[in-house]
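I opened this model to look up a few strands, a ligand site and two residues. My notes follow in the order I took them.

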Amino acid sequence: MGSIKKIGILTSGGDSPGMNAAIRAIVRTSIYYGIEPYGIRRGYQGMIEGDIFKMETTDVANIIQTGGTILKTARSKEFMTVEGRAKAYEQLRKLGIDALILIGGDGTLRGATAFFKEHTIPAIGLPGTIDKDLEGTDFTIGFDTAVNTAVTAIDKIRETADAHDRLFIVEVMGRDAGYIALNSGIACGAEDILIPEVENDIEAVLARIAYDERRKKTVHVIVVAEGSGKIGTARLHEAIVGRFPALDTRVCILGHIQRGGPATFADRVLASRLGYAAVLALLEGRTQVMVGTLNDNIAYTPFENVGKLNTPISEDKLKMIRVLSA
Ligand code: F6P
C-alpha cells in the first residue's frame, strides 16, 4: 500500500446517473483500506472555496440508485485560471489531502491536466457523462440510463405520432456526440437519425419523407442529436414544414430529463467497478490516468490521451436503420 492517507473526491461538469454509485464505491473502498475520504462540493469551484468535508460510510448509504450527485457539481470558470488552481491546491494542502478522484466528462479531465502541470498530487479520473464521448472507455457513467430515458420518452411519443398520423422530430442530448441519438433511435425504430458524426444532407432526409408519403407511411419519428451541426432541429423542422405543409409535424426536445432519474443496473455496476478500481489504482501508485473499461476489462488512459471520442459511425449501421424502419 502507498502512503496515501486522504483522498478528495469531486464530481464536475454535467451530472450523470451513476455518479452517486461511484462516490459510494470510492468512499467505501477508501475506508476499507484505511484511507480517509473527503467530499469536495460543487466540483473545482468547491475545491477553490474549501467546501470540503470528511465522509463516513453512512454518508453514502442508500445512494447507489439515485441520479444527480450528492457532492453537487459545477462548471468553474475560476479553475480555468492559474490563480484559481493555485487557490484550490492551497485548500487541499491545508487539509492534508494527498490524492484526488475526479468524476466527470472531457472538461473535467482537461481541468485536471492543467492542474497537474502546475501542482503535484496523484489523481485518478472516472468518465462521468451521459454523452459517452470520451476515449479510453467503452461506456461512460450515465450513458446507459440516459439512453433508456430517451427510449421510454420516444416510445411514448410514437404512440401519439401513430394516433394522429404525425411526424415528430425528437431532439436528444449530446453536445458534440450522437451516441444517445443513434442508440435510442435504433431502439425505437426511428425512421431517420441525424448525428454530428455524419454529414447530414437535408435533401436526403426530405427525399426519404417523400418516399414514405408516396407509399402511404403516415408515421415518422426522426431522432436528432442536439449537436447535429448544420442541420439542427429548427432548420430541419422549417425544411419539413416548407416542403410538406400538409404533414402534421411536431418537435419535442427531451432536454434535461435525460440527465436525471435512477441509474440503470448497467450504470450502477460500471460506476461501482470504476470507483473501486480508482482507489486501487492510487494504492498501486498509478496517477494522472482515467480508469475506464475496454472490452469489459479495467483500462487506464493518461489524462492527456483522453480526448473527445470521435469514432466514425459505420455506414452499415445507418443503412440498417433505414432498412429496419421500412
Ligand atoms: O455533457 C452532457 C450534456 O448533457 C450535453 O449532452 C449537453 O449539451 C450539456 O450537457 C448541457 O449542459 P447544461 O446542463 O449545462 O445545459
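How many bridges join strand S6 to strand S8? I found six, between residues 167–172 of S6 and residues 220–225 of S8, and the two strands run parallel. Strands here are DSSP E runs of at least two residues, helices are H or I runs of at least four, and both are numbered from the N terminus. Two strands pair if DSSP finds at least two bridges between them.

Two notes on the source. The model is predicted, so I kept in mind that local features need pLDDT of at least 70 and side-chain atom pairs count only at pLDDT 80 or more, while totals for chains, interfaces and linings use all residues. Residues are numbered from 1 along each chain as its sequence is written, and side-chain values use heavy atoms, with hydrogens and water left out.

**The open sheet**

I checked one residue pair first: Phe-168 has Val-221 in S8 as its bridge partner. I then traced the sheet, which is open and has four strands in the order S7-S8-S6-S9, with parallel pairing. Strands S7 (192–194) and S9 (249–253) stand at the edges; each has a single partner strand, so one side of each is left without a neighbour in the sheet. Neighbouring strands are turned by 20° against each other on average, direction ignored. For that angle, axes are lines fitted to C-alpha atoms (for helices, over the stretch in contact), and angles run from 0 to 180 degrees between N-to-C directions.

**Strand S4**

Next I looked at S4, residues 99–104. Six of its six residues are buried, meaning under 20% relative accessible area (exposed is over 50%, partly exposed in between; 1.4 Å probe, protein chains only). I sorted them by face: Ala-99, Ile-101 and Ile-103 lie on one side, Leu-100, Leu-102 and Gly-104 on the other.

Which strands does S4 run parallel to? Five bridges join S1 (residues 6–11) to S4, and five join S4 to S5 (residues 123–127). Leu-102 of S4 stands opposite Leu-10. In S5, the bridge partner of Leu-102 is Gly-125.

**The ligand site**

I listed the residues near the ligand (a heavy atom within 4 Å). Among them are Arg-75, Thr-129, Asp-131, Gly-174, Glu-226 and His-256. Then I looked for polar contacts, pairs of N or O atoms within 3.5 Å; within protein, one must be able to donate a hydrogen and the other to accept it, and residues adjacent in sequence count only if both atoms are side-chain atoms. A ligand oxygen is 2.7 Å from a side-chain N or O atom of Asp-131. For the side chain of Glu-226, the distance is 2.9 Å. A polar backbone atom of Gly-174 is 3.1 Å from a ligand oxygen. The protein covers 78% of the 400 Å² of accessible area that the ligand has on its own.

**Thr-137**

Is Thr-137 buried or exposed? It is buried, at 6% relative accessible area. Thr-137 sits in the loop between S5 and helix H5 (143–164). A polar atom of its side chain lies 2.8 Å from the backbone oxygen of Phe-139. The side chain of Thr-137 also reaches the backbone nitrogen of Thr-293 at 3.1 Å.

**Asp-212**

Last, I went to helix H7 (residues 202–214), where Asp-212 lies. Asp-212 counts as buried because its relative accessibility is 7%. Beyond neighbours within four places in sequence, Asp-212 is in contact (heavy atoms within 4.5 Å) with Glu-191, Lys-217 and His-220.

Methods. Accessible areas come from the Shrake-Rupley method with a 1.4 Å probe; for residues, only the protein chains shown count as cover.
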